[in-house]
Amino acid sequence: MTEVRPAAATSASLWERDAEIAALTQAVDALRADRSSPGTVLVLRGEAGLGKTALLAEARRIAERAGCTVWAARGGETLRSVPFNVVRQLLQPALVSMLPDEAREYLGDRYDIVGPALGIADPGERQADPQGVCDGLVSAVRRLAGQEYPLVLLLDDVHWADQETLRWLAAFVERLDDLPVLVVVARRPGEVSGESARHLDTVAAAARPLAALSALTPEATAGLTRATLGEQADAPFCREVWAVTGGNPYDTVELLAKVRDSELEPVEAQAGELRALNRAARGGGLVSRLENLGVDATRFAWAAAILGTGITVDMVARLATMDRADAVRCAELLRGARILTAPDPAAGPAGTGELEFVHPLIASAVYNSIPDALRRAMHGIAAQIVTDLGLGAAAASRHLIQVHPDDDQEVVEQLREAAREHLAVGAPDAARRCLERALEEPPLPDTHARVLFELGCATLLTAPATTIAHLRTALTLPGLDEQARIDAVFRLSQALLHNDQLDEAVRTVEAEAARLPDGPARLRLQAVQYMWQGIHAGETAAPDRSARLAELAATCTGRDNAERALLILRGFDAMTHGENAEEVVALCDRALVNGRLAPGLGWTDTEWGLELLMMLASTYAYTDRLDRAEALFTDALRAYQTAGWSGGHLALAHAYLGLGHRRRGRLREAEAALRESLRLAERVGRGLPLYWSATCNLVDTLLARGHVDEAWSIAEQYGFAPPYPSTIVLPDPRSVRGRLLLAVGRTEDGIGELEAAEKAATARGHHNPVMVPWAVDLARALAVADPARAARLASEARRRAERFGTDTAIGESLRCAAALETGQRAVRLAAQAVTYLEASPCQYEHAAARVEYGIAARSAAELERGLDLARSCGADGLVERAEAALEMAGAAL
């Protein structure tokens with residue numbers, strides 16, 4: 001055991017930390033040795049006072065001696081409500097000295113997304129996507145890390161880090177496989193819950209295992225005691241030091257300092273005094289020690305604790321209402337009492353101030369000792385100081401949320417402004433806290449509804465159930481003008497939709513529309529009502545809904561966005577019902593302006609939401625207008641990436657782009673897009689409609705590629721099975737699962753699933769044979785067991801295909817009919833299928849028709865053409881089938 005102070009130690013807290021120092025040294029050496037090596041995460045875990053901060057300071061010394069770049073940051077107990085606080089600290093060394101143009105170049109194309117979050121760029125007016133900001137920070141730090149190799153990141157007290165930083169950190173450590181960076185994190189066990197705990201669990205899972213820090217042994221405590229007080233300290237005295245402090249390094253150091261200050265003789269006869277000295281070193285004893293320094297010093301310490309970070313003598317003087325000379329004197333007193341100290345450069349930046357607390361335990365004890373009413377009042381003064389310094393409402397908000405409610409409308413407006421700033425940088429939780437606090441003030445009656453509306457908008461994506469309550473209350477109060485009220489109803493219906501209350505969403509919009517006179521406002525809500533009804537996948541539909549929608553759309557010329565929305569909805573409804581495709585396309589074209597989306601109907605516009613545009617693009621996709629569909633899907637992807645929206649919006653964009661590739665026959669590209677969609681959807685949450693879209697389309701694409709086992713694995717892994725979501729998924733998931741079951745040999749189950757698809761489609765009136773392709777698969781499955789029924793199904797599929805009128809629909813129905821026939825009848829039908837599908841933009845179906853025709857006609861030339869098409873599509877199963885047929889044809893010749 002360590003009996004004397006280690007030569008390399010710079011802190012008493014490094015006693016008995018040889019294993020941790022060795023791990024840090026080894027990690028730094030490995031980082032420098034191989035630039036191509038993956039990154040490393042180390043987590044120093046231990047209770048307060050066990051030396052985590054000292055180990056981080058030692059890590060900095062080791063890294064800097066080895067020529068590494070070191071960035072450091074620290075969480076703070078009173079700063080957890082400040083979004084991006086810790087990650088801003090972390091990047092200060094790289095960004096603080098840069099001009100705006102230099103920072104823009106340094107951060108690359110992510111500047112506009114992450115610049116506001118880092119406080120180096122003004123936020124835009126649009127609400128930022130939190131996931132997009134997080135991803136942007138990951139990419140930005142990865143880029144910075146690549147330029148600053150070898151780079152070591154040190155994060156202290158992450159249990160007190162803001163949630164936005166923890167979200168970034170969890171995402172960052174999961175992407176270190178190809179990035180040589182050393183990340184060292186220090187934290188206490190416990191302390192956090194909910195999302196923050198989940199993020200820290202992710203960090204721990206990525207870390208190299210290290211044992212939790214333990215208390216000092218009696219032998220080490222004796223060595224530290226003698227190193228501090230002299231070799232005359234006897235064994236019983238040293239043993240009592242250990243017993244009193246429990247071997248906690250911080251407590252031991254503080255107790256020994258008190259022993260030295262009191263000139264207590266370190267012998268057994270004086271050991272009984274140690275417990276009283278220890279009580280004076282922390283907790284209530286610390287508060288008494290602070291009070292003994294005088295009223296001014298106590299006020300100074302309180303003010304410093306209120307500020308928490310960036311502690312300067314001048315700011316403390318303003319907050320404590322004392323002149324500068326008294327403030328300087330108090331600062332010296334508190335330094336001498338080991339309550340405050342100058343920041344240690346070796347420990348990394350704790351802020352931008354001249355002072356910091358010696359230990360977080362002291363900061364917490366001082367803050368908690370402030371009388372409640374006085375603490376709240378001091379936060380109010382601090383908020384005013386921050387405002388006067390021009391730091392903005394968001395910076396002042398952490399103080400304002402602590403102020404006692406006092407019917408102060410200026411506070412309400414400041415908190416509303418802070419919420420807007422938080423939303424603009426991608427921190428909706430911080431915005432929520434501000435608006436909830438504004439409601440406590442409370443706002444005046446004519447403002448109350450607006451605050452509730454803003455709160456509902458802030459929580460829409462993160463807590464739809466909470467949003468519902470806020471918006472419903474807002475709609476019962478005065479204060480919303482007509483436009484705001486309609487927006488609130490629309491947002492409420494969106495929240496109900498996300499909360500799987502689609503029926504209630506429809507009723508809410510319908511009731512509000514009925515209250516309004518004829519005009520644009522009523523028309524907009526009617527369009528929203530039809531939109532939610534249109535994506536409802538329930539077993540029944542109002543019999544006259546389509547007729548009423550058609551009647552309403554017939555009066556629309558596309559003169560405003562409400563009319564354009566109704567034209568899109570009518571086109572989508574007609575497409576799902578299998579009405580004439582040319583007429584469907586004409587409806588959709590009328591909703592465009594010079595062939596493009598109208599202003600206010602863009603992918604990132606919030607007045608209508610993305611559902612409407614997905615319906616438009618899907619309608620084009622299933623009416624063989626794939627060029628228009630792909631243009632829309634590509635625009636969506638570009639718009640969301642540019643805006644930094646990388647949550648559910650980007651997941652859906654990738655899913656529908658994958659759908660476009662799948663319809664086109666570019667199966668490899670479809671698979672890549674859909675896997676990316678599924679990756680993004682996983683972060684949003686399973687069970688949501690966007691998750692089903694990604695999974696269903698990926699299974700369908702893998703089946704088209706002939707990768708049956710992989711399709712089944714995906715279905716099993718991601719729960720692609722009943723019950724299905726309440727919103728429409730394209731293509732029909734029952735039809736796709738039925739096809740999957742047939743492909744893996746579960747014929748009876750597959751037939752049952754396809755029959756369930758038939759029942760659901762019939763009830764809903766969905767007769768588009770391409771979007772809901774159950775009939776052709778069921779006919780093939782029944783060809784042997786029930787040929788009469790199979791023939792009826794094929795005949796009905798062809799009738800519906802001809803009614804719809806696209807080359808793809810007719811060609812697919814002919815392929816099915818040919819599969820049920822033999823001899824020349826089969827050859828003629830297969831040839832007709834080729835004719836139609838050759839004119840179709842769907843190349844996979846064309847390739848399949850060529851191969852089937854080549855087999856039926858025993859034509860090597862047709863098989864070769866089908867084989868070339870299959871290869872270009874990436875349809876590996878179809879390639880194998882064509883090659884086998886060619887081999888058999890060659891053998892026969």
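Here are some worked exercises on the predicted model shown above.

Some ground rules come before the exercises. This is a predicted model, numbered from 1 along each chain as its sequence is written, and its side-chain values use heavy atoms, with hydrogens and water left out. Local features need pLDDT of at least 70 and side-chain atom pairs count only at pLDDT 80 or more, while totals for chains, interfaces and linings use all residues.

**Exercise 1. Find out how confident the predictor is along the chain.**

Step 1: pLDDT is the predictor's confidence in each residue, from 0 to 100. The protein chain averages 90, and 95% of the residues score at least 70.

Step 2: Now look at the start. Over residues 1-10 pLDDT stays under 50. For that stretch the model has 23 contacts beyond four places in sequence, where contact means heavy atoms within 4.5 Å.

**Exercise 2. Describe how H4 packs on H6.**

Step 1: Get the elements straight. Helices (H or I, at least four residues) and strands (E, at least two) are DSSP runs, numbered from the N terminus. H4 covers residues 100-107 and H6 covers residues 130-147.

Step 2: Two packed helices are described by the angle between their axes and the distance between the axes. The axes are lines fitted to C-alpha atoms, for helices over the stretch in contact, and angles run from 0 to 180 degrees between N-to-C directions.

Step 3: For H4 and H6 the angle is about 95 degrees, and the axes are 9 Å apart. H4 is therefore roughly perpendicular to H6; the cut-offs are under 35 degrees for roughly parallel, over 145 for roughly antiparallel, 65 to 115 for roughly perpendicular, and oblique for the rest.

Step 4: List who meets whom. Glu105, Tyr106 and Leu107 from H4 meet Ala140, Arg143, Leu144 and Gln147 from H6. These residues split into 4 nonpolar, 1 polar and 2 charged. Here Ala, Val, Leu, Ile, Met, Phe, Trp, Tyr, Cys and Pro count as nonpolar, Asp, Glu, Lys and Arg as charged, and the others, Gly among them, as polar.

**Exercise 3. Do the same for H14 and H15.**

Step 1: H14 (residues 295-307) and H15 (residues 313-320) have axes that come within 9 Å and cross at roughly 110 degrees. The two helices are therefore roughly perpendicular to each other.

Step 2: On the H14 side you'll find Arg299, Phe300, Ala303, Ala304, Ile306 and Leu307. H15 brings in Met315, Val316, Leu319 and Ala320.

Step 3: Sort them by class, and you get 9 nonpolar, no polar and 1 charged residues.

**Exercise 4. Track down the nonpolar cores.**

Step 1: A nonpolar core is a set of buried Ala, Val, Leu, Ile, Met, Phe, Trp, Tyr and Cys residues joined through side-chain atoms within 4.5 Å. Buried means under 20% relative accessible area, exposed over 50%, and partly exposed in between (1.4 Å probe, protein chains only).

Step 2: The largest core has 140 residues, and those with the most contacts inside it are Trp532, Val699 and Trp774.

Step 3: Zoom in on Val699. Leaving aside neighbours within four places in sequence, Val699 is in contact with Ala711, Ile714, Ala715, Phe720, Val736 and Leu740.

Step 4: A second, separate core has 51 residues, including Tyr106 and Leu151.

**Exercise 5. Place Thr40 and Ala383, and say whether each is buried or exposed.**

Step 1: Thr40 sits in strand S1 (residues 40-45). Its relative accessibility is 17%, so Thr40 counts as buried. Not counting residues up to four places away in sequence, Thr40 touches Leu176, Val181, Leu182, Val183 and Arg208.

Step 2: Ala383 belongs to helix H18 (residues 372-388). At 2% relative accessibility, Ala383 counts as buried too. With residues up to four places away set aside, Ala383 touches Ala396, His399 and Leu400.

**Exercise 6. Spot the backbone oddities in the loops.**

Step 1: Check the prolines. Tyr149 and Pro150 are joined by a cis peptide bond, omega about -10 degrees, and Pro150 lies in the loop between H6 and strand S3 (151-156). The bond from Glu441 to Pro442 is also cis, with omega near -5 degrees.

Step 2: Check phi. Phe84 isn't a glycine, yet has a positive phi of about 65 degrees; this residue is in the loop between strand S2 (69-74) and helix H3 (85-95). Asp407 has a positive phi near 55 degrees, in the loop between helix H19 (393-400) and helix H20 (409-424).
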